[in-house]
Structure formats: structure tokens, C-alpha cells
Amino acid sequence: MKSPVFALIFSILTVLVACSNDSKPIFDEAGISVARTEAAPTISNRGLNSQHGTATSIVNGDRIQVSGSLSLEVQSLDEAIVGVQRLVTQYNGWVTHSNLETSGEPYAHITLLVPQTSFFELVEKIKTIASVVKTENFNSNDVTEEYIDVTARLDVMKETESRFLLLLSDTGNIEEIIQLEKELMRLRGEIDSLEGRVGYLNKTTDNSFLYLHLIEETSITGSKWDPRNSFAGSARNLISFSKHAADFLISLVVFLPAILVLVVVLVLAYRGLKKFRPRPSH
């Protein structure tokens, strides 16, 4: 006869397996939702009000991930970066990544994470910094169904964990204690995984990513030409040429004896071959 504790564990596990079989697959191998991801040219159809510049997904109970990208041409890259930082602070966002290149054609890549409720308002403010808006793209991904599914599974797992803890406190059988602790460890691992996924979904639906690409416009009239920069560049080129010339002369002096010896050996060898070469008979 099996003990009542084992019978209860078996029944609970049967219910959990049935629930997991009924649930539809949500993630691919990388753990990212693939079946429900949609590009959204018209974002207002995905629960966002783009005309008013606000995101309504959280208010309506939906969970929608929103992201966008802007490619802007600005008059001064430094001033544009300062302006972006000021706006991000004003809208309670933060910079997650930035890359600035000043040599050649100056540009900057900046990744922002901002509250979704003020996402489109911030986008419009940032666009006023640019002299030309070259490209802008926005995408949304409805993860409402996944969010409901994951939170429901998490609730079931936590309730099951509570039942197992209650059984563990009531039993005194060593074999039953070992079996219960094994199941509790497995449940805790699944609970931690689900809690991490719920936290990620909350973060990416409460906030939105904005990817900025800023380039500095080139002046056709050459008004940014500075003779001091030209003089400094010419001086650097002269110094560089002088260094290369000095290196060449030093190398020539060092290798000159070896070169002379090699020339002498070649000349003697040539004369020796010429001396012992048989003369043609007349």
C-alpha cells in the first residue's frame, strides 16, 4: 500500500503535467517569443495611440513591447548629444549604450530606455533637435497572451509549492521527506525561471527602447574650415615624414657595410667565372 502522501504527490504531479501539455509553446530555443511577434506599421492598431504620442497598452491591461529607431542629421553632434541627454533625464529615462566617433565623418549611436507612456512624446522632442530626419521606424510585439500564460503557470507552481511544504511539515517518514524535498527543489527552479520571465516582460512593456543614429551634417560652403587645424595637420604630416626619412637613413647606415661586402663578393665571383670560362677556338 502506498502512503497517502505519495498518492497526493502523484495526483498533484499529474495535474501539473496535464496543465503543461495543454499550454501552447511560447518560446523558441533562445527563450524569445516567436509565434506572436508582429511588425506593426500602424502602431495604433497594436494598442498604442501614436497620434497622441502616448502608449495605452498598460492602461488597457495589454502587454505590448514597443521599440523604435531614428536616424537624424544634426548641425552640431556635441550639442545634439547634450540635448538628447537633457530630454532623457526630463522624461525619466536613461542611456543604456552609447558610441561616439569623432574622426572622419562624426557620428553617434545611442540606445535609450524610456517609460512607454512617454515614448512617442520623447520621440517628437528628439526630432526637433535634428535638421533632417533621415529615417524613423517603430515596431511592437503583443506579449499579452504570453504574459497571462506565464503568470498563470507561476501561480499554479507557487500553490503547489505551498502544498508540498505543508505535506513536508506534517510527515515524519524519511522516504517521504526525501521525495518531497526533491520535488520542492524542482518546483523552486521552475518558479525562479517563470519569475525571471515575468520580470523581463514587465520591464520591456513598462519601458521602450529607442535606438538613435546621429550624424553631423557636412558644410558645402566650407564655413567650418579652420586654418589652425590645417596648420596643425600639416605640421603633423611634416613630423611624420621626417621620422620616416630618419628611419630610412639610419637603416641605410646600419646595413651599408653588409651591402658593400655582398657587392664585393658578387664582383669577385663574376670575375672568377669570367677568368676560367673557356675561350672559343678560331
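This is a tour of one predicted model, stop by stop, with a selection to make at each.

**Whole chain**

Start with the entire chain in cartoon view. Six helices and seven strands are present, and their order from the N terminus is α-β-β-β-α-β-β-α-β-α-α-β-α. Of the 282 residues, 31% count as buried. Switch to a surface view for the next value: the accessible surface comes to about 18900 Å², with 60% of that area belonging to carbon and sulfur atoms. If you compute a contact map, take the contacts with a separation of 6 or more; residues 24 or more positions apart account for 78% of them.

**The sheet**

Select strands β3 to β7. These five strands form an open sheet with mixed pairing, in the order β4-β5-β7-β3-β6. Its edges are β4 (94-101) and β6 (132-142), each of which pairs on one side only. From one strand to the next, the twist averages 10°.

Now narrow the selection to residues 107-115 and 207-216, which are strands β5 and β7. The two run antiparallel and are joined by nine bridges. To look at a single rung, pick Leu112 and find its bridge partner in β7, Leu210.

**Salt bridges between helices α4 and α5**

The structure holds 11 salt bridges. Side chains of opposite charge can pair when their charged atoms come close. Show helix α4 (residues 144-170) and helix α5 (residues 174-206) with side chains as sticks.

Select Arg197 and Glu146 to begin. They form a salt bridge in which the closest N and O atoms are 2.8 Å apart. Arg197 sits in helix α5 and Glu146 in helix α4, so the pair links distant parts of the chain, 51 residues apart. Are these two residues buried or exposed? Both Arg197 and Glu146 are buried.

Next, select Arg188 and Glu161, whose side chains meet in a salt bridge at 2.7 Å, N to O. Because Arg188 lies in helix α5 and Glu161 in helix α4, this pair ties together parts that are 27 residues apart in sequence. The two ends are not equally covered: Arg188 has a relative accessible area of 31% and is partly exposed, whereas Glu161, at 13%, is buried.

Keep Arg188 selected and add Asp192. These two also form a salt bridge, with the closest N and O atoms 3.1 Å apart. Both residues lie in helix α5, four residues apart, which is about one turn of the helix. Asp192 is partly exposed, with a relative accessible area of 40%.

For a further group, select Glu124, Lys127 and Glu136. Salt bridges that share partners join these three into one network.

**The nonpolar patch**

Finish on the surface view, with Phe248, Leu249, Ile250, Leu252, Val254, Phe255, Leu256, Ile259, Leu260, Val263 and Val267 selected. Together they form a nonpolar patch with about 1000 Å² of accessible area.

Within this patch, pick out Ile259, which is found in helix α6 (residues 227-276). Why does Ile259 count as partly exposed? Its relative accessibility is 40%, and the partly exposed class lies between the cut-offs of under 20% for buried and over 50% for exposed.

Terms used: Residues are numbered from 1 along each chain as its sequence is written. This is a predicted model: local features need pLDDT of at least 70, side-chain atom pairs count only at pLDDT 80 or more; totals for chains, interfaces and linings use all residues. Side-chain values use heavy atoms; hydrogens and water are left out. Buried means under 20% relative accessible area, exposed over 50%, partly exposed in between (1.4 Å probe, protein chains only). Contact means heavy atoms within 4.5 Å. Accessible areas come from the Shrake-Rupley method with a 1.4 Å probe; for residues, only the protein chains shown count as cover. Patches are made of residues with over 30% relative accessible area and no salt bridge: like charges are joined within 9 Å, nonpolar side chains (Val, Leu, Ile, Met, Phe, Trp, Tyr) within 5 Å. A salt bridge is a side-chain nitrogen of Lys or Arg within 4 Å of a carboxyl oxygen of Asp or Glu. Two strands pair if DSSP finds at least two bridges between them. Axes are lines fitted to C-alpha atoms, for helices over the stretch in contact, and angles run from 0 to 180 degrees between N-to-C directions.
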